[in-house]
Amino acid sequence: MKKISLSVAALVMAGSMLCSSCIGSFALFNGYEKWQCNMTGSKIVNGIVGLILQPIVGSITLFVDAVVLNTIEFWSGSNPLAANTEQQIQGADGRYYLVRTTRNGYKITAPDGEVTYLRHDKKTDSWNLVQNGESRELFRYNADGTIQATLQSGETITVSNDEAGLQAVQQAVVADSYFANL
């Protein structure tokens, strides 16, 4: 009787570790799922093939994500498969930009071919804008939980890391650009 109770307790403990709040991005499984849903132009064919592949391939990708890749992501802060994913994003100007996830940020390619990088610097915990070989810090996270934002004029402001802080930065950017045009 004690052996069964100990086995059940061990199984419950192992299962609870997989279902902890550190979920991760599940990049491998999501990539497989996206491929499976779009492998052909027919939903019916995708569904039939999915019924065949899902129990085997889906289980393997889910297990590898949950046990290996999400553990790496938790301890290192980045998922090894999350880099080099691409997505088309419509900008405020109505044009579509290609956004590629890189190891330390994003590569954004405009419709005219101009490339802009958003890079995270782990040493300073800051995000930088890189265009035409020139780098400019956008903002950095401070040790006290606040954010230091850099305006176009070069001035910096420190705000809280919440919606009120975001609004303060937006107001400062508008005021900074208004006075720069006078």
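Leaving aside neighbours within four places in sequence, which residues is V64 in contact with? In this predicted model, the partners of V64 outside that window are L28 and L69. Let us start from this residue and then walk through the rest of the chain.

**Along helix α3**

V64 is found in helix α3, a helix that covers residues 43–76. V64 has a relative accessible area of 27%, so it is classed as partly exposed. Besides the contact with L28, there is a C-alpha separation to look at: V64 and F29 are 35 residues apart along the chain, and their C-alpha atoms are separated by 8.6 Å.

Two further residues of α3 are worth a visit. N46 lies in this helix, and its relative accessibility is 6%; because buried means under 20%, N46 counts as buried. Once neighbours within four places in sequence are set aside, N46 is in contact with Q36, C37, N38, M39 and T40. I44 also has its place in helix α3, but here the relative accessibility is 64%, and I44 therefore counts as exposed. I44 belongs to a nonpolar surface patch of about 470 Å², which is made together with I48, L51 and I52. If you have the structure open, a pair to display together is N46, which is buried, and I44, which is exposed.

**The whole chain**

Stepping back, the protein chain has four helices and eight strands. Reading along the sequence gives the pattern α-α-α-β-β-β-β-β-β-β-β-α. The chain has 182 residues, and 19% of them count as buried. Its accessible surface comes to about 13200 Å², with 62% of that belonging to carbon and sulfur atoms. Taking the contacts with a separation of 6 or more, 17% are accounted for by residues 24 or more positions apart.

**The sheet**

How are the eight strands ordered in the sheet? They form an open sheet in the order β1-β2-β3-β4-β5-β6-β7-β8, with antiparallel pairing. The edges are held by β1 (86–90) and β8 (156–159); each has a single partner strand, so one side of each is left without a neighbour in the sheet. On average, neighbouring strands of this sheet are turned by 25 degrees against each other, direction ignored. As background, strands of a sheet pair through backbone hydrogen bonds, and the arrangement can be parallel or antiparallel.

Three of the antiparallel pairings can be set side by side, each with one pair of facing residues.

| Strands | Bridges | Facing residues |
|---|---|---|
| β2 (residues 96–102) and β3 (residues 105–109) | five bridges | V99 and I108 |
| β3 and β4 (residues 115–121) | five bridges | I108 and T116 |
| β7 (residues 147–150) and β8 | four bridges | A149 and I157 |

I108 is a handy landmark here: I108 is the bridge partner of V99, and T116 in β4 is the bridge partner of I108. That makes I108 a convenient place from which to trace the β2, β3 and β4 part of the sheet.

The connections between these strands can be followed as well. A hairpin joins β2 to β3 through two residues. β3 and β4 also form a hairpin, with five residues between them. In the turn of that β3–β4 hairpin, G113 has a positive phi of about 95 degrees.

**Positive phi in two loops**

Most residues other than glycine have a negative phi. Which phi value does D125 have, although it is not a glycine? The phi of D125 is positive, at about 50 degrees. D125 lies in the loop between β4 and β5 (126–131), and with a relative accessible area of 30% D125 is partly exposed.

N132 is another residue other than glycine with a positive phi, near 50 degrees. N132 lies in the loop between β5 and β6 (134–141). Is N132 buried or exposed? With a relative accessible area of 69%, N132 is exposed, because the cut-off for that class is over 50%.

Notes:
Residues are numbered from 1 along each chain as its sequence is written. This is a predicted model: local features need pLDDT of at least 70, side-chain atom pairs count only at pLDDT 80 or more; totals for chains, interfaces and linings use all residues. Side-chain values use heavy atoms; hydrogens and water are left out. Buried means under 20% relative accessible area, exposed over 50%, partly exposed in between (1.4 Å probe, protein chains only). Contact means heavy atoms within 4.5 Å. Two strands pair if DSSP finds at least two bridges between them. Patches are made of residues with over 30% relative accessible area and no salt bridge: like charges are joined within 9 Å, nonpolar side chains (Val, Leu, Ile, Met, Phe, Trp, Tyr) within 5 Å. Accessible areas come from the Shrake-Rupley method with a 1.4 Å probe; for residues, only the protein chains shown count as cover. A salt bridge is a side-chain nitrogen of Lys or Arg within 4 Å of a carboxyl oxygen of Asp or Glu. Axes are lines fitted to C-alpha atoms, for helices over the stretch in contact, and angles run from 0 to 180 degrees between N-to-C directions.
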